[in-house]
Amino acid sequence: MKNKTSKKKELSELVSILSNNITIYLIDISNLNSNQISILRKNFYEHSIKMRMVKNTLLKKAINKINDQKWNSFFSILNGNTTVLFSNLNVTNITSKIIKNFHVQEKTDKPYLKGAYAQESFYFDGGNKDLNILLHLKSKEDLIIEIFNILQFSMKEIILSFLNSTKFKIGEILETLSKKEG
């Protein structure tokens with residue numbers, strides 16, 4: 001049994017994980033063997049995604065300690081085996097891709113997505129349906145770049161169209177003026 005000091009330290013670490021990371025996945029890895037877990041851990045680590053198995057009661061205490069109502073959304077899924085994936089980088093697509101690829105390679109539906117916090121929103125699956133949503137989720141930065149590219153393309157087309165029609169008019173005016181002079 002763990003002593004109080006180590007439990008307090010673990011609680012403090014979980015509070016820090018929830019407070020200081022922008023991508024958090026809660027998954028169920030039960031029934032995976034140690035080799036499969038090792039493969040997952042290595043794949044996540046390569047992309048700065050940390051993996052940590054947690055006790056649900058300790059995670060609930062950490063959520064309560066944060067004192068931010070948004071995290072209460074996780075309470076309903078804190079049962080059974082829970083492993084936390086976390087990163088302070090926007091790795092939503094990568095995390096989902098690693099899980100989806102693992103499903104295919106290992107011919108299993110584990111890890112099972114319980115829920116996620118990504119792009120400042122919560123996703124609750126109760127399965128792996130939301131993995132596809134998370135896989136294609138665009139960051140705010142990606143959306144802004146996409147909007148600018150669309151606007152930039154539209155502005156170029158408008159300006160080119162205007163210049164082409166203006167050139168024609170200027171050409172007509174110059175031609176008319178040269179005929180009057182001659």
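**Notebook: strand pairing and helix packing**

I began with a single bridge and found that Ile-24 has Phe-86 in strand 3 as its bridge partner. I note at the outset that the model is predicted.

I then looked up the two strands concerned. Strand 1 (residues 23-28) and strand 3 (residues 82-87) run antiparallel and are joined by 5 bridges. As background, I recorded that strands of a sheet pair through backbone hydrogen bonds, either parallel or antiparallel.

Next I turned to the whole sheet. It is an open sheet of 5 strands in the order 2-3-1-4-5, and the pairing is antiparallel. I identified strand 2 (50-54) and strand 5 (121-124) as the edge strands, each of which pairs on one side only. On average, neighbouring strands of this sheet are turned by 20 degrees against each other, direction ignored.

I then examined which helices lie on the sheet. Helix 1 lies across strand 1, strand 2 and strand 3, and runs at about 135 degrees to strand 2. Helix 2 (residues 34-45) also packs on the sheet, where it touches strand 2 and strand 3. The direction of helix 2 makes about 135 degrees with that of strand 2.

My last entry concerns helix 1 (residues 4-20) and helix 3 (residues 56-66). Their axes come within 9 Å and cross at roughly 60 degrees. The two helices are therefore oblique to each other. I recorded the crossing of helix 1 past helix 3 as right-handed. Among the residues that meet there are Leu-11, Leu-14 and Leu-18 in helix 1 and Leu-59, Ala-62 and Ile-66 in helix 3. By class, I noted 9 nonpolar, 1 polar and 4 charged residues in this contact.

Key: Residues are numbered from 1 along each chain as its sequence is written. This is a predicted model: local features need pLDDT of at least 70, side-chain atom pairs count only at pLDDT 80 or more; totals for chains, interfaces and linings use all residues. Side-chain values use heavy atoms; hydrogens and water are left out. Axes are lines fitted to C-alpha atoms, for helices over the stretch in contact, and angles run from 0 to 180 degrees between N-to-C directions. Helices (H or I, at least four residues) and strands (E, at least two) are DSSP runs, numbered from the N terminus. Angles under 35 degrees count as roughly parallel, over 145 as roughly antiparallel, 65 to 115 as roughly perpendicular and the rest as oblique. A crossing is left-handed if the near helix is turned anticlockwise from the far one by less than a right angle, and right-handed if clockwise. Contact means heavy atoms within 4.5 Å. Ala, Val, Leu, Ile, Met, Phe, Trp, Tyr, Cys and Pro count as nonpolar, Asp, Glu, Lys and Arg as charged, and the others, Gly among them, as polar. Two strands pair if DSSP finds at least two bridges between them.
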